[in-house]
Structure formats: structure tokens, C-alpha cells
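Let's take a walk through this fold together, from the overall picture down to a few individual residues. Have the model open and follow along.

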Amino acid sequence: MSPPILALREAGVLTLTFNRADKKNALTQEMYGLLHRELQQAAGDDAVRVLVLQGGQDLFTSGNDVTEFLQRPPGGLDTPVFDFLRSLADFPKPAIAAVGGPAVGIGTTMLLHCDFVYCGDNALFSVPFVNLGLAPEAASSLLLPLRVGPAAAAEMLMFGEPMAADDALAVGLAHRVLPPQQLLDYAQAQARKLAAKPSASLVLTKQLLRKAQREAVHAVMADEAWHFARMLQGPAAKEAFSAFLAKRKPDFSKL
Ligand code: COA
């Protein structure tokens, strides 16, 4: 069986690929743990100059694994998912995301911690936390309005409907839209361009660009995590996840 996260180091670029197609690249605690370890190692490895995060050209990720949400809900900050989010938020080198197809939940919120988001014209960005009885995570309540503006952020976070690639480009969530079959090659080409630049200068530029927000990002992430863990145990989330797995519509009429 191939590993659920593929890690490839080539020409100064570390490419991490979500590799769980049968479950639409849903992310498990094991996968967050692997991602976290790769990021930690890459942060201190001079041979890695740029990071690329990707799924396939037709599928980024369907977000957190719903079965795990039901059976082993993460209970706070000392969990693989938050280790991953913190290590991505603090990743010192340029990070590129290549998004083809759906990017659900954390699939979209993790993009707010990447420096460049390239997407296929098939990309669909969604943060359906309200529809799942949950709350924003990964500092998205802070970073999404800053990135796309308060109006688009409210629409995305409260209606939870997928945003198409062209709209994501228009609001500034994506940097460029490409035909899906060109997406992964384009992301690699951009990564190699960055890898050829003076690394210390890129690292310093990224650090300065993020400095004013860094403390707030971590504080908001922790605050959201507390609410998220509480909401995960609530009746609306349980109904939403059970309905998804049973392939029926959730019934929130009494909640
Ligand atoms: N967690 C666990 N399993 C998931 C999953 C997730 N996040 N997303 C998809 N799957 C599973 C389905 O249960 C299904 O499993 P099965 O073949 O055993 O029945 C399989 O992956 C295929 O999913 P399906 O929904 O049939 O594919 P689709 O092409 O119709 O839709 C998506 C793809 C990504 C749009 C849809 O799966 C989706 O919306 N997933 C998001 C789930 C979610 O709420 N994520 C949490 C966000 S916080």
C-alpha cells in the first residue's frame, strides 16, 4: 500500500502530496503527523528551499476525515492536526499550494498559510464549517477576511458554498488559474524559480511579510481550536457527519 503522504525532494523543492484518493484525500491524524514531521525536518534542512503542497490535478483534499471526527475528535492544541497547522504557519521558506478540484475545510484554510496558491480551473474552495455544526479553524476567522475581504469571507464562512476558481482569483485567494493538466507542472516550475533565488533573502522577506500577524495568528488559532473541539462534540456536528457517511441530507430542524 502506498503511503498516504508522498514526500519528494528534488532540485531544492520538497513536494508533499496527499495520496488517499479512495477517500478523496481526506486527512487523518496519521497524515497530519506525517506532514508535520516533514515540515519540521524541511524547516531546518538547507537542501530544501521551497515547499509545494498538492493533491492530484482533480482533487486537493476533502478536508479532515469525517469518520475520525466522529470516532476520535481532536481535543485541543496537543494534537497532530494543530502540530501540522502550527508548523505550516511557521514554515520559514516559501510555500506553494497547487489546488485541483475540491479543497474542503482545512483544504482551504491551510492555503491561508501558503505564500502562493495556484489552482486548476476545476478548483472548488469551501469552508463549510457552519454546515457541519462547527466553527472556523486554522486562524481562518482572522486570515480569510484579510485575504479575500470581509464580504467574501462572511459569504464563504456562513453559507459554506464552494467558491469556483475564477472567483477565488478575483478575490485574491488564488494567484493564478490554469488548465488542470498544467497545474502541477506549473507549480513545480514556479517552485524551481524560487529555489534558484537567494534563500536567505526569501526567508527574511517571508518573515517580515508575516511578522505583524504572527502572534495574532497563533492566538486566534488557539482560540478557534477550543471552540472547534467543543462544537465537534455537539449534536449538530454529530448529525452532519452521520448524515455525510450515510449519504443523506442532515436534519438540523431541532438543533
Ligand atoms: N472524510 C471521510 N471520508 C470521506 C471524506 C472525508 N472528508 N470525503 C469523502 N470521503 C469518502 C466518502 O465517504 C466516500 O467513501 P465510500 O466510497 O466508502 O462511500 C468516498 O470518500 C468518495 O466520496 P464521495 O462523497 O462519494 O465523492 P464525490 O466525488 O461525490 O464528492 C467531495 C467529493 C470532496 C465533494 C465530497 O466527498 C465532500 O464534500 N467531502 C467533504 C466532507 C467533509 O465534510 N469534510 C470535512 C470538512 S471540515
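How much surface does the protein expose, and what share of it do carbon and sulfur atoms supply? The exposed area comes to about 12000 Å², and 58% of that is supplied by carbon and sulfur atoms. Keep in mind as we go that this is a predicted model.

Zoom out for a moment. The C-alpha trace spans about 60 × 40 × 40 Å along the principal axes of the protein. Running through that trace are 10 helices and 9 strands. The radius of gyration is 17 Å, close to the 18 Å that the globule rule gives for 255 residues, so the protein is as compact as a globular protein of that length. Of those 255 residues, 50% are buried. The contacts tell you how the chain folds back on itself: take the ones between residues at least 6 apart in sequence, and 73% of them join residues at least 24 apart.

Now look for the sheet. It is an open one with 6 strands, in the order β1-β2-β3-β4-β6-β9, and its pairing is mixed. At the edges sit β1 (5-10) and β9 (176-178), each of which pairs on one side only. Going from one strand to the next, the twist averages 20°. As a reminder, strands of a sheet pair through backbone hydrogen bonds, and they can do so either parallel or antiparallel. For a parallel example, go to β3 (residues 50-54) and β4 (residues 95-99), which are joined by 4 bridges. If you want a spot to click on, L51 has A95 in β4 as its bridge partner.

From the sheet, move over to helix α5, residues 140-148. Which of its residues are buried? They are S140, L143, L144 and V148. These residues cover an arc of only 100° around the axis, which puts them on the same side of α5. The general rule behind this kind of pattern is simple: an α-helix has 3.6 residues a turn, so residues three or four places apart point the same way. And what covers the buried residues of α5? The cover includes α4 (106-109), α6 (150-159), α7 (165-171) and α9 (199-232). Just after α5 comes G149, with a positive phi near 95°.

Since α7 is part of that cover, stop there briefly. Helix α7 holds D167, a residue that is partly exposed, with a relative accessible area of 45%. D167 and F125 are 42 residues apart in sequence, yet their C-alpha atoms lie 9.7 Å apart in space.

Positive phi also turns up in residues other than glycine, and two loops are worth a visit for that. In the loop between β1 and β2 (13-18) you'll find A11. Its phi is positive, about 50°, although A11 is not a glycine. Then there is N25, in the loop between β2 and α1 (29-43). N25 is not a glycine either, and its phi is near 60°, again a positive value.

Are these two loop residues, A11 and N25, buried or exposed? A11 is exposed, with a relative accessible area of 51%. N25, on the other hand, is buried, at a relative accessible area of 3%.

Note on methods:
Residues are numbered from 1 along each chain as its sequence is written. This is a predicted model: local features need pLDDT of at least 70, side-chain atom pairs count only at pLDDT 80 or more; totals for chains, interfaces and linings use all residues. Side-chain values use heavy atoms; hydrogens and water are left out. Buried means under 20% relative accessible area, exposed over 50%, partly exposed in between (1.4 Å probe, protein chains only). The arc is that of the directions from the helix axis to the C-beta atoms. Contact means heavy atoms within 4.5 Å. Two strands pair if DSSP finds at least two bridges between them. Axes are lines fitted to C-alpha atoms, for helices over the stretch in contact, and angles run from 0 to 180 degrees between N-to-C directions. The radius of gyration is taken over C-alpha atoms; the globule rule is 2.2 Å times the number of residues to the power 0.38. Accessible areas come from the Shrake-Rupley method with a 1.4 Å probe; for residues, only the protein chains shown count as cover.
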